[in-house]
Amino acid sequence: MSDVLFYLGLDDTDAPEGMCTTWLGTLLAQTLQKSGMRVLESRLVRLNPTIPYKTRGNAAICLQIKGDPAYAFMVACEMVSSHAVLSCQNTHPGIVVSLRKPPSDFYLKAVTDICSIEEAKRIISEYALYHQEYKLGRGLIGATAAICSEFSDFTWEFLAYRKRDRFLVPRIFDADSFFLSEELTSPKTWDTWDYDEARPVCIPHSPDPVLYGIRGDSPFSVAHAASVINSEPYDLFHIWKTNQGTDAHLVLFTGDNLHEGVSYFMKGTVLEDPVTKEGGHVSFRLQVESSTILCMAFEPTKKFRDYVRLLRKGDVILAAGSFLRDTLNLEKFFLYSAEPYAIKKVPVCPVCNKRMTSAGSGKGYKCRSCGHRERTYENEYQDRAISQGWYEVPPGSRRHLSRPLKRGFVSPDL
Ligand code: ATP
């Protein structure tokens, strides 16, 4: 058996009714390790969260291995053939094995934009030793992006996987142990417990192999947090290095790079007080450079909408979110300054100290008692119920790639 360093990328093996590419990656890593190979690094690579083909969170994986690439490729192909949900019309797996790490450009495009299978194949023909596609082979995009990935920032996730005979039945767990886990390890871990909703948020609801996932800043933190969890026994676990929680999907909007399906940071001025629409969605328009962007905080973002409602016309914010259907779907915003808000009021008569009345359209105001006239309204300044700072959606509605504020305050130098 040869003993070389290589990268194995894998994607698009699952379906809404089951399976998970990270579970298959875990099984593969363990099988290869049992055969004497060494898995040096396991990456869970989240890609563009707006991709319509995604099953759930648009994840691909990359294993960095020391061992025999031909044997690993053969085992990966066997596992995909036997476990991928090939009957699902939206499942199109791809496997890529390469001895060299291709440049990160393709990963950067795949996490922020839309890629084609042809682009992935161009990289494969230049760099890959082996590749295998199934059905449409769309998974080659994620598999190639995963082996191209370079993380300027990264986090970790402890994923616990259920016993195979329990993939389809409800998960058994002690909710309080998730609360305890977050209490003991926060802020080194995050998004285990939702304090507003008083429930764990790291447990999927779908019928797939994942029992729970603990996110944090190091392998030790996530393992420590997982050791506190009380649940049905897990069959396998794996600690993944990941681009989750890093904002890797966000690009800076510069005024002329607005595209559907891309996620942005946008600095702009709030054009009107936000309004709550049918369904509880909150919206306002933002002036960014010469563009007017409709921003929305959707109902599932819950309490976040209360902060959005406190914005006022004239506020300058840095908004972050995905641009979909001509709307920026807000994930978080930074309010640069909460200036007291001016409300136009009918003036008070300086002589009688009584509220004046309108003297007719465009004619200013008149005091009914003494006849005193004022040309314009007066401003009453109201203190704001919101202060300068970042505001984010709750854990339950956070995108996998969004950087939680718990990871530390990043001052926007924009
Ligand atoms: P899970 O989270 O359970 O792994 P998923 O949400 O990752 O599922 P997939 O079944 O992997 O969803 O489907 C995503 C598909 O989109 C894959 O075929 C992947 O190659 C492709 N894809 C990922 N990013 C892009 C992109 N930027 N442009 C075009 N296609 C992409």
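Colleague: What makes you assign part of the chain to the annotation "domain: TiaS FLD"?

Modeller: The assignment comes from UniProt, where an unreviewed entry places the annotation on residues 137-249. The model is a predicted one, in which local features need pLDDT of at least 70 and side-chain atom pairs count only at pLDDT 80 or more, whereas totals for chains, interfaces and linings use all residues. Residues are numbered from 1 along each chain as its sequence is written, and side-chain values use heavy atoms, with hydrogens and water left out. Over residues 137-249 the chain is 27% helix and 24% strand, and the end C-alpha atoms are 23 Å apart; these are DSSP runs (H or I of at least four residues for helices, E of at least two for strands).

Colleague: Which residues surround the ligand most closely, and how many are there in total?

Modeller: The shell, made of residues with a heavy atom within 4 Å of the ligand, has 23 members, and the closest are Asp12, Asp14, Arg56, Asn58 and Ala59. Helix 5 (residues 139-148) gives the most to this shell, namely three residues, and by class the shell divides into eight nonpolar, seven polar and eight charged residues.

Colleague: Why is the pair formed by Thr55 and the ligand called a polar contact?

Modeller: The term requires a pair of N or O atoms within 3.5 Å, and a polar side-chain atom of Thr55 lies 2.7 Å from an oxygen atom of the ligand, so the pair qualifies. A backbone N or O atom of Asn58 is 2.6 Å from an oxygen atom of the ligand, while a polar backbone atom of Ala110 is 2.9 Å from a ligand nitrogen atom. Taken alone the ligand exposes 630 Å², of which the protein buries 98%, with areas from the Shrake-Rupley method and a 1.4 Å probe.

Colleague: What makes a void a cavity rather than a pocket?

Modeller: On a 1 Å grid over the protein atoms alone, a 1.4 Å probe fits in a cavity but cannot get out, whereas a pocket is an open set with protein on both sides within 12 Å along at least five of seven lines; lining residues have an atom within 4 Å of a point. The search finds one cavity of 30 Å³ or more; the largest cavity has a volume of about 30 Å³, and its lining includes Trp190, Asp191 and His400.

Colleague: Which element gives the largest share of the lining of the second largest pocket?

Modeller: Strand 24 does, with three residues. This pocket has a volume of about 330 Å³, and its 20 lining residues divide into 12 nonpolar, no polar and eight charged.

Notes: Polar contact = N/O pair within 3.5 Å; in protein donor to acceptor, adjacent residues only side chain to side chain. Nonpolar A, V, L, I, M, F, W, Y, C, P; charged D, E, K, R; others polar. UniProt positions renumbered as here; feature names shortened; annotations may be inferred. Points joined across faces, edges and corners; volume = space filled by probe spheres on them.
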